[in-house]
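Colleague: I am new to this one. Please take me closely through a single loop and the part of the fold it is attached to.

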Amino acid sequence: MTAPQKTAGAIEVRRAGPRTTVQDLGRPGWAHLGVPRSGALDPAALALANRLVGNQADAAGLELTLGGGELRLTRAGTVAVTGADVDVRVDGRPGDVGRPLAVPAGAVLQIGTPRNGLRNWLAVDGGIAVPPVLGSRSTDTLAGLGPPPVRDGDLLPLGRPAGPPAPVDFTVGRPVPAELWLTLRPGPRADWFTAGAMALLLGTAYAVSPVSDRVGTRLVGAALPRAVAGELPSEGVVLGAVQVPADGQPLIFLADHPTTGGYPVIGVVDDVTGLAQARPGTTVRFHGPQR
C-alpha cells in the first residue's frame, strides 16, 4: 500500500445501493493470523479504474454490487467506473464506463443497475482515504476488518490527487459470458469423495445460488457423494477452494473467505475473477487444467 495521504475533499453518499464496500487490492500476508486477503473481487478492474484517474493501482475505491449508487463530490475531481455495463450520469449527463469523467464540485454521480453482470468499481482521483487496517483499506465482510459497508449518508474522505487522468478514449472491459467455465485442480481432499463425484463435478452444469456473496459463490446442482463419512479437522483454505458441505453442493471461496474450514475441499479453481460478475442462475461448468 502507498503511504496514507492527507485528505482533500470527500464523497457524500446520497444513496449507497444494495451492497457497496470500500476495496483496494487487499491485505495479503496475514492468513497465519486468520485474516484473508479480501480486496476487490476483480483486482484488474479496480486497478484499471485507478489508472484512468491518475491513481496508483492499489488506491482504494468503491465496489458496487448491482449498482444503485448516487454520490456527490465535495471538490472537483476525476472519476472512472469499470466492470459491468451500466449507465453512468454526472448531474444527469451520460458518461462512459471505462473512461475518465470530470466531475465538478457538488455534482452528483449516478451509477445505475448493470444490464448484465453484477459489479462495478469506482475510482476517484486521490483515492478513498479511510484509515488502513493491516496495510489495507478494504472492507472484509467476514472478519469485520476495515471500514464498514457503505451506507446512505456516509462521508468518505479523499486523498490528494497524485497525477493527471489517463489520456484514453476507449478501454476494453471484461465480457460477461452467459456460461462460465472454471479450471479446477483436484485436491487436497479429492480422496474424500467417490470417483463418481469428480465425474459429476467435471461433467455437469451448476447454477449460481442467490445465497452468494464476497465470501463465496454457492452452487446448485448435482450433489457430490462422499467416500469418507467422518469429520475433517479444520485446515487451511485458499482463494478458489471448492469446499463441499454436508448437503453435497459445492461452494467456491472468494476474497473474504475464512482461512480455515472443516468441510473437505475437492479442488481449487485457478481463477475466480469471472465469478465477480456471476448473477444468481448463471451456469457454471468445471474442467481440468488440460481442457
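Modeller: Start with L134, which sits in the loop between β10 (119-124) and β11 (155-159). Keep in mind that this is a predicted model. The backbone at L134 deserves a look: phi is near 55°. That is a positive value, and L134 is not a glycine. Is L134 buried, exposed or partly exposed? The relative accessible area of L134 is 34%. The cut-offs are under 20% for buried and over 50% for exposed. L134 therefore counts as partly exposed.

Now step back along the chain from the loop to β10. Which strand pairs with β10? The partner is β3, and the two run antiparallel. They share 4 bridges. To find one of them, look for L62, whose bridge partner in β10 is L122.

Stay with β3, which covers residues 61-65. Of its 5 residues, 5 are buried, so the rest of the structure largely encloses this strand. β3 also pairs with strand β2, residues 19-23. This pairing is antiparallel too, with 5 bridges. T20 is a good place to see it: the bridge partner of T20 in β3 is L64.

Next comes the helix that packs here. Helix α1 spans residues 43-53. Which residues of α1 are buried? They are A45, L46, A47, A49, N50, L52 and V53. A general point helps in reading such a list. In an α-helix there are 3.6 residues a turn, so residues three or four places apart point the same way. What do the buried residues of α1 pack against? They pack against β2, β3 and β10, and also against β5 (77-83). So the strand that leads into our loop, β10, has β3 as a pairing partner and is among the strands packed by the buried residues of α1. Just after α1 comes G54, with a positive phi near 90°.

A second strand pair is worth finding. Strand β4, residues 69-73, is mostly covered, with 4 of its 5 residues buried. β4 pairs with strand β9, residues 108-111, in the antiparallel sense. That pair has 4 bridges. At G69, the residue standing opposite is I111 in β9.

Two other loops have backbone features of their own. D91 lies between β6 (88-90) and β7 (93-95). Phi of D91 is near 50°, again a positive value in a residue other than glycine. D91 is partly exposed, at 46% relative accessibility. In another loop, between β12 (179-186) and α2 (195-203), you will find P188. The peptide bond joining G187 to P188 is cis, with omega about 10°.

Finally, set the loop in the whole chain. There are 2 helices and 20 strands. The radius of gyration is 20 Å, and the globule rule gives 19 Å for 291 residues, so the chain is as compact as a globular protein of that length. The C-alpha trace spans about 60 × 40 × 30 Å along its principal axes. Buried residues account for 48% of the chain. Among contacts between residues at least 6 apart in sequence, 77% join residues at least 24 apart. The accessible surface is about 12,600 Å², and carbon and sulfur atoms supply 56% of it. The chain has 26 positive and 24 negative charges, and their mean positions are 3 Å apart.

Terms used. Residues numbered from 1 in each chain as written. Predicted model: local features only at pLDDT ≥ 70, side-chain atom pairs only at ≥ 80, totals over all residues. Heavy atoms only, no water. Rg over C-alpha atoms; globule rule 2.2 N^0.38 Å. Buried < 20%, exposed > 50% of the residue type's maximum accessible area, 1.4 Å probe, protein only. Contact = heavy atoms within 4.5 Å. Areas by Shrake-Rupley, 256 points an atom, 1.4 Å probe, with all protein chains shown as cover. Lys, Arg positive; Asp, Glu negative; His and termini not counted. Charge placed at Lys NZ, Arg CZ, Asp CG, Glu CD. Pairing = 2+ DSSP bridges.
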